[in-house]
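Okay, thanks for squeezing me in, everyone. Let me put the structure up, and then I'll walk you through a few spots in it.

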Amino acid sequence: MSLIQTSEPVDGAAWLRLRKQLMAAGHRRLVLIEGDRQAAVAWLRALFDRWPEGDALAGVWSGPADESPCSELCAIRPVEGRQWLGGELDLVVWDGWHGNPPDSLAALAGTLKAGGLLFWLMPPLAQWAGFDDPDYRRTGLDGADDHPFAARMSELLASSPDVIRVDPQQGGVVDLPAVPVPQTPFEIMESGDQRRLVDNLVQTGQGRRRRPLVITADRGRGKSAALGMAAIKLLEQGRRQVMVTAPTEESVATLFRHARLAAGDSGYTDTPEGDVVLANGGRLSYLTPDQLLDGKPDAELVMVDEAAAIPANRLARILLGWPRVVFASTVHGYEGAGRGFAIRFRKVLDTQTPQWRKTTLKTPIRWSGSDPLEPLIARLFLLDADAPAEVPESGEVSIERWSPAHASEQDLAEAFGLLINAHYRTTPADLRQWVDDPDAISWRLTINGQLAGVLWAAREGGLSPELAGQVMRGSRRLRGHLLPQSLANHSGFAEAASRSWLRVVRIAVSEQCRFRGLGKQLVARAAEYAEAAGYDGLGTSFGGSEALIRFWQRAGLTLVRAGMKREASSGEYPVQMLVGTSDGARALVSKLNDRLSEHWPTLVPLNWRDMEPGVLRLMTAELATSVALSEDDVRDLHSFADGYRGFELTVPVLRKVSLTQGFSSILAVSDDADLWCRRVTQGWSWPELQHAGLCRGQKDGETRLRQLTGKLLQQSRNL
C-alpha cells in the first residue's frame, strides 16, 4: 500500500489530501484512535484546528458536548445515531469511551458520504475484550470480565488493511494511505438501477389497482431518493395526492429533499405541516402509520418507506386500505431486516394481492462499489448475515448445545441470518446481547449437518423472597428478568419472581423447513435441559399473533399473561406463556392461568378492545373453564335468544358463555364470530360495529347475536 507521509503529528494538509482522494474514489474510511482518551481528544482538536477552512464539514460527536473536539460538530448521545437516518455526513467522531450501542454506530456509519471519515475513540484493540463499555449497563452486560463480541470486533479491525490506526500517545504521527484516484472521479448521481426504479414507481402509481410494488435494497442505494423523484413525477402527471408513511418523519428526510429538488423546475410551496404542494395543486404529504390508518386520507398512492420497521398488522391494513401501495425497505441493517420483512409479508401479499411485484437496487449511490467502509461495518455487525441457502428436505436431525461466542464467523453469520429472517427487529444490538450475555444458553438444529434452526434462551428469576415481594409490589425494578418480573408485578404472584426460569428469547427455523415440527423439537430440548438443570420451568414472551400462539400451544406452553400495550416491534400485544418443570412451578402456572381466566371478562373491554378477533378467540379458548352455567344463566340465554331480554342485561351471561369449554369450536364455524368478539367480549358500540361492517346497526346486530345464541343453545351440551 502506498502512503501519504505526514510531516508532523497532526498534518491537516495531509488529511485534506486524503479526503480529496477518498471523494474522487468514492471511498470512506474508519480511523481508529487508540489509547488514552484525553490524548485522543487533544489530538483531534489539534487536527481540526489545522483543518483547511475551505473544507466545510458536516458531522456529529457522540461524547459530552462540552468536550467536543470541534465546535462545528453536532453533539449527540451515543444512543441517538438512528435519528440521523436519511441524512448525509462528512464526519462521525464516535467517542467509544462513553458507550458503543451497536445499532447507533452502524446507523451513523451509513450516513457518511464519499470522502467521509469515521473517527472512533477507544482503548487499544488488545484491551477491548475487558473494556467495561458504559453502554453495557443499559442491557445488563456490565460486570462481566470478558466480552466476546468486543473481542471479535477487535480481531476483525486488527486484521483489516482498510483501518487507519492512530496512537496519540506515541506522537500521533500517521502514515495515511494513498488512495488510487480513478480516471473518472466518483460523483453522487442517479444510477441505472435508480432510473429504472423511478420508472417502475411511476408505472405503479399510474397503473391498475391492487398491484403493489415491494422494493428492497441495501443502504446507500438511493431507494428513498427514487421514491421522492417518482412522487413528483406522478403529481406532475396529474395525481392529486401521494401519501408517504414511515416509522418517523426523520426517516423520510431524504425522500422529501429529493422531491423538492425534482420539483424545482415546476415550482412548489411548503405548507406549515411540511407538505410539498406543486403549482398544479398536487400534494406530497407525510403521516405516521397510525395517523394514516386513523385518518384514512384519500390518496392515489401510498409509499411506505422502511416498511420492515412497521408492524405487520399495520402493513396489511395499509395494503388493503388504498388502491396503490409501494413498500420499500432496507435489506440489511438497523432499521429492521428488510429481507425478513419480504419473506414474512410475502404470505400476506400472495393472499390479498397475488399480482404484486418486487424489485431491488444493487448499485450504491453515496459511495462507490469499491468503498472499504461498507463491507467492514457489515462484517463487524453482520449486517449482511444470511441463513444457509439450501437445507436438506430430509435426513438426520441433530440438536446440540451451541455457543455464539465460540462460533466461527460463518457459523455465527448463518445462525444470526436465521434470526434476521424470522423476526422483524433483529439488529446488531441483538447480536451483541446474544454473544455477550453470560446467562444465554443456545441450541442449534441441523439436518445432515446443515444448520436449520436455532434457539436462544436466557436464565431468569431465582430472586430472594424479599426481593420478589418488592418486585411484586412495584417498589423494585431490576435489569433483565423480563418474564418473572412481569408475571410477579402484573399477575400479583411474588412466587413467579422467586422461581427460576429459562426464557426463550428467540427461536428460528429455516423457511424451507417450517411446519415439520422442528421448532417444537427445539423447545422440547430446551425444556428437557431446564428440568435436568433444576429450573422450575420454561417460558417465553412474544408478540401475540395467531400463528405464534398456536405454535407455543403445540409446544406445550400455557397462557399466563397478556400485555396491555402493543409492542413497538411486532405491533401485537405481548403474550407470556409457561410450562412448569417442577411440581411447584406447575401449580403456579395453573394458578396464573386460572387467575387470568377469572379476570378476562373484565380486562378485555378495558385493555384489549382493538385486539384482532382471531387472536382474542384463541386466547379466550385457552382460558375456558369447566364451570357449568347455572339454571338462571340458561334461562337468561333462552330469554335473550327468543327476544324477551335486552342485550345489555344479558352481557354478563354472554361473557360467561365465552369462557365455557367447547364454546370456541361452536363459535369458530359461525359467520358472526367477529361480531360476537367485538360486541360481547370487547364491548364495541353499535356505531363502531356498523362502521367496521360487522352489522347494519343495533337492530341487525342484536338479531344476529340472538340467532347465534339460539344456535349455541341447540348445539352445546354445556348449555
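**Cores, cysteines and one leucine**

Let's start at Trp 128: skipping its neighbours within four places in sequence, this tryptophan is in contact with Leu 32, Trp 120, Met 122, Pro 123, Ala 150, Met 153, Ser 154 and Leu 157. Keep in mind that this is a predicted model.

Now zoom out a bit. Trp 128 is among the residues with the most contacts inside the largest nonpolar core, which has 51 residues. Others on that list include Leu 118, Ile 377 and Phe 381. And which helix gives the most to this core? That's helix 13, residues 409-422, with seven residues. There's another core lying apart from that one, with 45 residues, and among them are Ile 447, Ala 457, Leu 522 and Trp 552.

Okay, cysteines. How many disulfides does the structure hold? Zero. Take Cys 74: its closest cysteine sulfur is in Cys 70, and the two sulfurs are 12 Å apart, so that's too far for a bond. Cys 74 is partly exposed, at 34% relative accessible area. Cys 695 isn't in a disulfide either, with the nearest cysteine sulfur, from Cys 677, sitting 14 Å away. Cys 695 is buried, though, at 6% relative accessible area.

Last stop, Leu 47, over in helix 2, residues 37-49. Buried or exposed? Leu 47 counts as buried because its relative accessibility is 0%. Outside its neighbours within four places in sequence, Leu 47 is in contact with Val 10, Gly 12, Trp 15 and Phe 119. Ala 312, on the other hand, is 265 residues from Leu 47 in sequence and 48 Å from it in space, C-alpha to C-alpha.

Key
Residues are numbered from 1 along each chain as its sequence is written. This is a predicted model: local features need pLDDT of at least 70, side-chain atom pairs count only at pLDDT 80 or more; totals for chains, interfaces and linings use all residues. Side-chain values use heavy atoms; hydrogens and water are left out. A nonpolar core is a set of buried Ala, Val, Leu, Ile, Met, Phe, Trp, Tyr and Cys residues joined through side-chain atoms within 4.5 Å. Buried means under 20% relative accessible area, exposed over 50%, partly exposed in between (1.4 Å probe, protein chains only). Helices (H or I, at least four residues) and strands (E, at least two) are DSSP runs, numbered from the N terminus. Contact means heavy atoms within 4.5 Å. A disulfide is a pair of cysteine sulfur atoms within 2.5 Å.
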